[in-house]
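Visitor: I'd like a close look at just one part of this structure, with the rest brought in where it helps. Could you put it up and walk me through it?

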Amino acid sequence: MLSRTLKKQLLLAFCFSLSQALVASPNKGKEIYTKSCVACHASNGGGIPGAAGGPNLTILKKKYAHQQMHAIIDGKRAGTGSTAMAGLLKAMKIKRTEMDAALDYVLKLPAAPSPHEEMGN
């Protein structure tokens with residue numbers, strides 16, 4: 001049987017390791033966003049103009065942004081950009097939790113000017 005002191009030490013070690021994972025999450029989101037999203041959505045999250053560019057993510061509401069991103073990952077959006085994004089994420093082996101972290105990161109950036117003004121954004 002474990003002593004009371006050893007139980008406390010194990011619990012403390014577990015809590016510390018869990019807290020380190022939680023603290024690292026914002027950096028992970030930035031890392032994933034930089035690696036996987038900047039080419040289409042720009043470093044400021046404002047998007048890239050043109051057919052190959054992605055929309056401004058900084059102006060989206062969190063719930064809506066996550067719903068749309070999950071729909072893209074799950075193949076429920078059939079637009080050219082959505083299917084291209086889904087294929088790219090699959091090829092890069094980006095997990096849903098990693099995309100959630102990347103999206104959480106970009107949604108905390110200041111609202112960026114949109115290059116898609118002519119499209120009604």
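Visitor: Let's take the largest pocket: which helices each supply at least two residues of its lining?

Guide: Before the pocket itself, bear in mind that this is a predicted model. The helices you're asking about are α1 (4-36), α2, α3, α4 (80-92) and α5 (96-107), and each of them supplies at least two lining residues. For orientation, the chain has five helices and zero strands, so to speak a plain α-α-α-α-α pattern when you read along the sequence.

Now the pocket. The space in it comes to about 860 Å³. It is lined by 36 residues, and the ones closest to its centre are His-41, Gly-54, Pro-55, Ile-72 and Met-85. If you ask who gives the largest share of the lining, that's α4, with seven residues. Sorted by class, the lining has 22 nonpolar residues, 13 polar ones and one charged residue.

From the pocket, let's step over to the largest nonpolar core. This core has 15 residues, and the members that touch the most other members are Tyr-33, Met-99, Leu-103 and Val-106. Helices α1, α3 and α5 each put in at least two residues, and α5 gives the most to this core, with six. So the two features have different top contributors: α4 for the pocket lining, α5 for the core.Tyr-33 is a handy place to pick up the thread. Leaving out residues up to four places away in sequence, Tyr-33 touches Val-38, His-41, Ala-42, Ser-43, Gly-45, Leu-57, Ala-102, Tyr-105 and Val-106. You'll recognise His-41 from the residues closest to the pocket's centre, and Val-106 from the well-connected members of the core.

Two of those partners deserve a stop, starting with Ala-42. Ala-42 is in the loop between α2 and α3, and its phi is near 70°, a positive value in a residue that isn't glycine. Ala-42 counts as buried because its relative accessible area is 13%, and the cut-off is under 20%. Lys-93 also has a positive phi without being a glycine, near 60°. Lys-93, though, is in the loop between α4 and α5, and it counts as exposed because its relative accessibility is 69%, where the cut-off is over 50%.

The other partner is Gly-45, which is also found in the loop between α2 and α3. With a relative accessible area of 0%, Gly-45 is buried. Beyond its neighbours up to four places away, Gly-45 touches Tyr-33, Pro-55, Asn-56, Leu-57, Thr-58, Val-106 and Leu-109. Pro-55 takes us back to the pocket, as one of the residues closest to its centre. Gly-45 also has a long reach in sequence terms: the C-alpha atoms of Gly-45 and Leu-107 are separated by 8.1 Å, with their positions 62 residues apart along the chain.

Follow Gly-45 to Thr-58 and you're still in the loop between α2 (38-41) and α3. Thr-58 is buried too, with a relative accessible area of 8%. Its side chain makes a polar contact with the side chain of Asn-56 at 2.6 Å, and it also reaches the backbone nitrogen of Ala-112 at 2.8 Å. Not counting residues up to four places away, Thr-58 touches Asn-44, Gly-45, Gly-46, Val-106, Leu-109, Pro-110, Ala-111 and Ala-112. Val-106 turns up again here, having already appeared in the lists for Tyr-33 and Gly-45.

One more stop, on α3. Ala-71 is found in that helix, which covers residues 62-73, and at 16% relative accessibility Ala-71 counts as buried. Setting aside neighbours within four places, Ala-71 is in contact with Lys-76 and Arg-77. The C-alpha atoms of Ala-71 and Ala-86 are 9.4 Å apart, and the two residues are 15 positions apart along the chain.

To put all this against the whole chain: buried residues make up 29% of the 121 residues. Among contacts with a separation of 6 or more, 62% are between residues 24 or more positions apart.

Note on methods
Residues numbered from 1 in each chain as written. Predicted model: local features only at pLDDT ≥ 70, side-chain atom pairs only at ≥ 80, totals over all residues. Heavy atoms only, no water. Helix = DSSP H or I, 4+ residues; strand = E, 2+ residues; numbered from the N terminus. Buried < 20%, exposed > 50% of the residue type's maximum accessible area, 1.4 Å probe, protein only. Contact = heavy atoms within 4.5 Å. Polar contact = N/O pair within 3.5 Å; in protein donor to acceptor, adjacent residues only side chain to side chain. 1 Å grid on protein atoms, 1.4 Å probe; cavity = no way out; pocket = protein on both sides within 12 Å on 5 of 7 lines; lining within 4 Å. Points joined across faces, edges and corners; volume = space filled by probe spheres on them. Nonpolar A, V, L, I, M, F, W, Y, C, P; charged D, E, K, R; others polar. Core = buried A, V, L, I, M, F, W, Y, C linked by side-chain atoms within 4.5 Å.
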